[in-house]
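Colleague: Could you take a close look at the salt bridges in this model and walk me through the residues that form them? I would like to know where the partners sit and how much of each is open to solvent.

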Amino acid sequence: TISPITMGHFSTSLASRQIQNDLMDEILRRTMNPHGIIRYLVEGETYPILESQRYMNKEGLGELYYKYYTNREKSIWFIDSLKAYKNFEKNLLDKNRNYQRNGFFLLVYTGHECDCMTSFKQIFKRLFELYVTNVNILLMIGKHAYLYTYFPFRTHKCHSFEPEMYISFRGIENNGNFSTAKSFYPSKVINMHGCPLTIVTWNFPPYIFVDRDESTGKLLALRGLEGSLITLMAERMNFTIEIKTPKQLNIGEVFENGTVTGALGMVANREANITIFSYVYTAARSEAMLASESYTTIPYVLAIAKGRPLTPFERLVKPFHYIIWICYSSTLFIAVVFIYMLRFIGKTRIINLVQGDHNQTPLTYLLSILYGISIHNNIPYGNFARFLFNSWVLYNLVLRSAYNGELFKMLHDGTTHNDIKTIEQVVQKNYTIYTFASLAEIIKQIHPKANLKPFQGNYSLESTMQRIGDENNQEKIAVCLLKLTIQYYNQMNPTKRVRILPQILLTSPLIFFMPRHSFLRLRAASFVLKTRQSGLMKRYRTLIVYAASKKQRQHGDAANLSMSVLMGLFYIYGVLMILCSFVFILEMLSERYRKLQILLDFLNI
């Protein structure tokens with residue numbers, strides 16, 4: 001063993017105490033040999049170990065002693081009666097002694113009661129109420145030793161405390177190593193034989209869906225991310241699920257004075273075996289209850305309104321990022337400048353080499369290719385001119401096709417615009433962030449200036465999400481929730497979607513809580529570990545959230561484009577018509593002014 005073994009004895013008679021002392025002396029004598037590695041420290045013995053501890057008082061040394069031995073997983077206690085056991089129980093309940101009730105206990109019975117099995121039953125009952133299941137009682141019957149234990153979960157018999165003879169040591173001396181065929185401490189929760197376990201939870205999509213029979217109210221199934229986990233756990237451990245809910249549907253809080261309310265309070269007060277409700281780990285909760293291993297990890301994010309609809313002009317510009325617009329505009333500008341430079345130089349050989357023979361309108365051809373207009377006449381035949389021509393065609397073909405495809409989607413869907421990208425911007429713009437009270441404390445540590453409020457009253461979780469998704473609502477509100485919760489809401493409310501900020505506030509492991517020292521601890525930890533390794537939790541998540549993160553355009557008949565959507569195109573058309581009128585006036589004036597005629601002829605390419 002690695003952890004130390006605690007030994008002690010309680011007796012109600014002097015003769016029994018002498019027997020217990022003799023047994024303990026014999027154990028110490030046999031284990032203390034020159035080659036032994038077992039060391040002993042007498043319970044309560046406090047002597048200085050370091051020089052700095054020589055001047056500490058008795059209370060200080062006592063606290064230091066318990067600090068050194070805070071993991072008491074294995075204990076051997078000698079008792080002679082139920083009354084002696086109760087003295088041991090006081091030690092077990094003493095928080096300063098730090099007994100691990102999920103550990104292993106051996107009670108050596110040295111009494112001479114006529115009906116010791118009745119006392120054993122009472123001992124096992126009291127130990128089960130303290131969540132101690134790995135316990136055996138060793139006693140002598142005649143000249144042979146026997147080991148008794150109890151199995152709280154049996155077929156058609158739940159919470160049984162009857163003592164059962166588990167191992168007989170008759171003839172053990174014939175085995176060379178004094179070994180037995182059975183495990184000294186059998187697992188008592190690996191198969192619970194259909195016995196009920198109480199789970200505190202209620203409907204909380206997408207984590208818990210409680211399906212009940214409408215007429216009888218009988219539980220039919222648990223679905224959802226955590227509901228599937230509990231259902232699988234019940235199948236593997238063979239227990240039945242009983243659902244309990246607190247009077248007021250809230251998860252509760254853990255206060256500094258040790259009071260626990262809500263669903264957490266029901267588990268802390270041992271009214272239920274498990275509570276599961278997408279809980280996050282906190283130090284206060286771990287002090288009041290036993291936290292399970294993490295079965296999945298989901299980030300917390302902020303959800304805000306999608307923002308205002310794009311303006312008609314923004315819809316025309318939005319298909320390309322501004323960097324693409326800059327690159328494309330620069331390319332077009334360089335091409336136009338280059339054409340006019342050739343025109344200004346005026347050397348026919350260079351112009352024919354670059355533009356091609358008899359190409360009198362290169363700018364018109366340049367813009368025709370840009371708009372996708374077919375060119376049939378005066379196609380360049382020179383190698384260099386043909387290479388430039390094909391490069392420009394290919395360049396515009398790709399960009400024009402991409403622009404047309406994105407523009408089509410922009411005109412048909414309800415794409416919106418919001419300048420807020422980070423959590424810092426949400427705080428700076430004084431948004432009211434609604435979240436759970438337990439999470440608000442953590443957010444306040446990260447962003448002290450955040451305006452936080454808990455879900456309550458008219459601003460419940462569902463109603464707040466609906467407010468944010470309403471395009472006509474102008475409130476500056478946001479919610480901080482698990483990303484999976486918001487994704488599920490968007491999936492179920494395609495017309496009132498909210499926007500998820502890409503920045504992650506924090507990433508939290510999800511756990512469930514059990515009463516302190518729960519007998520489910522080791523078995524639940526093993527189950528959760530195997531479930532995570534198998535990838536089942538990822539599979540459950542894909543079954544819950546299957547819709548795309550963005551709203552998909554419905555196939556079928558194309559939607560009618562409204563005037564407001566196409567207004568940007570009409571604006572541009574109007575500006576071009578004004579420009580055309582201006583050019584028309586210049587053409588009319590060129591008949592009177594020679595210099596203006598020369599300028600227009602220069603630009604007319």
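Modeller: Lys121 is a good place to begin: in this predicted model, it is partly exposed, with a relative accessible area of 33%. Its side chain meets that of Glu162 in a salt bridge, with 2.7 Å from N to O. Because Lys121 belongs to helix α4 (residues 116-129) while Glu162 lies in the loop between β7 (157-158) and β8 (164-168), the pair ties together parts that are 41 residues apart in sequence. Glu162 is likewise partly exposed, as its relative accessible area is 32%, a value that falls between the 20% limit for buried and the 50% limit for exposed residues.

Strand β8 takes part in a salt bridge as well, through Glu164, whose partner is Arg154, and here the closest N and O atoms are 2.9 Å apart. This pair links distant parts of the chain, since Arg154 is in strand β6 (residues 153-154) and Glu164 in strand β8, 10 residues apart. Arg154 has a relative accessible area of 31% and is therefore partly exposed, and Glu164, at 26% relative accessibility, also counts as partly exposed.

Another salt bridge joins the side chains of Arg467 and Glu475, at 3.1 Å from N to O. Arg467 is partly exposed, with a relative accessible area of 27%, and Glu475 falls into that class with 31%. These pairs are among the seven salt bridges that the structure holds. In general terms, side chains of opposite charge can pair when their charged atoms come close.

For contrast with these partly exposed residues, one can look at both ends of the accessibility scale. Ile208, in the loop between β9 (195-200) and β10 (209-212), counts as buried because its relative accessibility is 0%. The C-alpha atom of Ile208 is separated by 5.0 Å from that of Gly227, although the two residues are 19 apart along the chain. Ile334, which lies in helix α9 (residues 322-345), is instead exposed, with a relative accessible area of 56%. Together with Phe333, Val337, Phe338 and Met341, Ile334 makes a nonpolar surface patch of about 510 Å².

Technical notes: Residues numbered from 1 in each chain as written. Predicted model: local features only at pLDDT ≥ 70, side-chain atom pairs only at ≥ 80, totals over all residues. Heavy atoms only, no water. Patch = residues over 30% accessible without salt bridge, like charges linked within 9 Å, V, L, I, M, F, W, Y side chains within 5 Å. Areas by Shrake-Rupley, 256 points an atom, 1.4 Å probe, with all protein chains shown as cover. Salt bridge = Lys/Arg side-chain N within 4 Å of Asp/Glu carboxyl O. Helix = DSSP H or I, 4+ residues; strand = E, 2+ residues; numbered from the N terminus. Buried < 20%, exposed > 50% of the residue type's maximum accessible area, 1.4 Å probe, protein only.
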